[in-house]
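Here's a quick briefing to read alongside the model. Have the sequence and the 3D view open as you go.

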Amino acid sequence: MSATLRSERIALDPPLPAALRRDVEQGVYYCSDLIADARVDRAAGAWIELDLLGVSDAELSDLTRVVRDWVERTVASSLAYEDTIAREWGRPEAGFRATPEQVLASADLHSMGEGLVAYGPRLASVFGALRELWDRLAAEVGATPLVLPAVATLEHMQRCDFLRQFPQLLSFVTHFREDFGVIDRYAEACRRGDTESACAPPAQDMSSFRRMLRPAICYHVYPCFEGEQLAGDLRLVHAWGDCFRYESRNTTGLDRLFDFRMYEVVALGSADAVHRWRSGMMERVVERFEALGLPGRLKTSNDPFFVSGSVLKSTFQRAHDLKYELEVPFPNREGHLAVASFNEHQDFFASRFGITTRDGEVASSGCSAFGLDRILAALLVHHGTDVNAWPAPTRQTLGLNT
Ligand code: AMP
Ligand code: ZN
């Protein structure tokens, strides 16, 4: 029997600042697994509405307090800022050719639940073409390729200071303890059991959690340069692969996956060189989006926060223009989808990995990250699910005509 659902509106006084509304709506799910859906008053920030699963009156008052406290802490630890739109292009009014639901229903897209998707041959070839488009851009700016692991150690991610800032996104990897009895007992349970729960390993049989799935590409780049003094003003590398973020109930369609593919170009060098590189990169990328026939805008943004420390970091990013996002109009609640980001980390990573400039100063770093699944989703909603009917310039830009 399914749990009953009740909707509760929690008044927010003072109202939630505009710049926090999206992230609060997406972050509130991590407060309780009884929250099935959440809506923030986007117009005035005066309330948050929660759809709750099988909650009693007593549980409701506890949960309301937890959510209120979390929102209060979030507001208290944020900095005031206003969004900047650096650039806007294209004709959003041209409209969409497909809904996200039609995209998901495409015969070439296999949705496997839990934020996992697979592409059949037709979409896989578009996906490959997209990757090659970024490969050409990376080569144009002088970036060289790296191949990196999809798993990161706890020690490494602690060194990158990721753990305390974004714990809600983490997915740990573990395995059985080296113990024949434990492993044999498990194999026997799976032989007999035909349900998922029969095959769920008991926590005490597992090893400690010392590895995790990478949440982004660039964390593995810094150890490749550990202790190095850079020879030139700027060193550029690129890599791509699967990244993993636990997005709780925000997981939807193609645009918010648990396992998604990211392409990154990463820069190391003097602060000035990295800053100039990021500006140049934004120009080049906007050109590519125009060539793909995708309208969009470049806007200051922040990483998703949940715990108080990360709210401060997120709003600091915004206040100092450390993160820009490239957004494409998209038929979701925001009206836009962030498909790429352009980040400056100042000397944050280079200081942790002892990377210096040719002048012997601590280096700076920056990265531009492209969500390949999201760009594919944007192409499909803007140009339709029939790839053969896409506009000629789009197909040409992707090299699909040959
Ligand atoms: P970020 O490191 O948060 O700036 O992410 C880089 C890019 O990865 C974003 O601009 C998105 O295009 C993509 N991305 C981030 N999270 C997800 C997700 N859960 N599902 C699909 N793409 C994502
Ligand atoms: Zn990065």
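**Around the ligand, and beyond**

Strand S15 gives the largest share of the shell around ligand 1, with four residues. Keep in mind that this is a predicted model. Below are some notes on that shell, then on a three-stranded sheet and on one exposed threonine.

**The shell around ligand 1**
- In total, 16 residues surround ligand 1, and the closest are Leu257, Phe260, Ser341, Ala369 and Gly371.
- Two or more residues each come from strand S12 (259–269), strand S15 (336–346), strand S16 (364–371) and helix H11 (372–383).
- Sorted by class, the shell has eight nonpolar residues, six charged ones and two polar ones.

**The three-stranded sheet**
- This one is an open sheet with strand order S1-S3-S2 and antiparallel pairing.
- Strands S1 (5–11) and S2 (35–40) sit at the edges, each pairing on one side only.
- From one strand to the next, the twist averages 20°.
- S1 and strand S3 (residues 47–53) run antiparallel and are joined by seven bridges.
- If you want a spot to look at, Glu8 stands opposite Leu50 in S3.

**Thr144**
- You'll find Thr144 in strand S7, which covers residues 144–145.
- Is Thr144 buried or exposed? Thr144 counts as exposed because it has 11 C-beta neighbours inside 10 Å, and the cut-off for exposed is 12 or fewer.
- Thr144 and Asp57 are 87 residues apart in sequence, and their C-alpha atoms are 59 Å apart in space.

Definitions and conventions:
Residues numbered from 1 in each chain as written. Chains lettered and ligands numbered in written order. Predicted model: local features only at pLDDT ≥ 70, side-chain atom pairs only at ≥ 80, totals over all residues. Pairing = 2+ DSSP bridges. Axes fitted to C-alpha atoms, helices over the stretch in contact; angles between N-to-C directions. Near = placed C-beta within 6 Å. Nonpolar A, V, L, I, M, F, W, Y, C, P; charged D, E, K, R; others polar. Buried ≥ 20, exposed ≤ 12 C-beta atoms within 10 Å, placed from the backbone.
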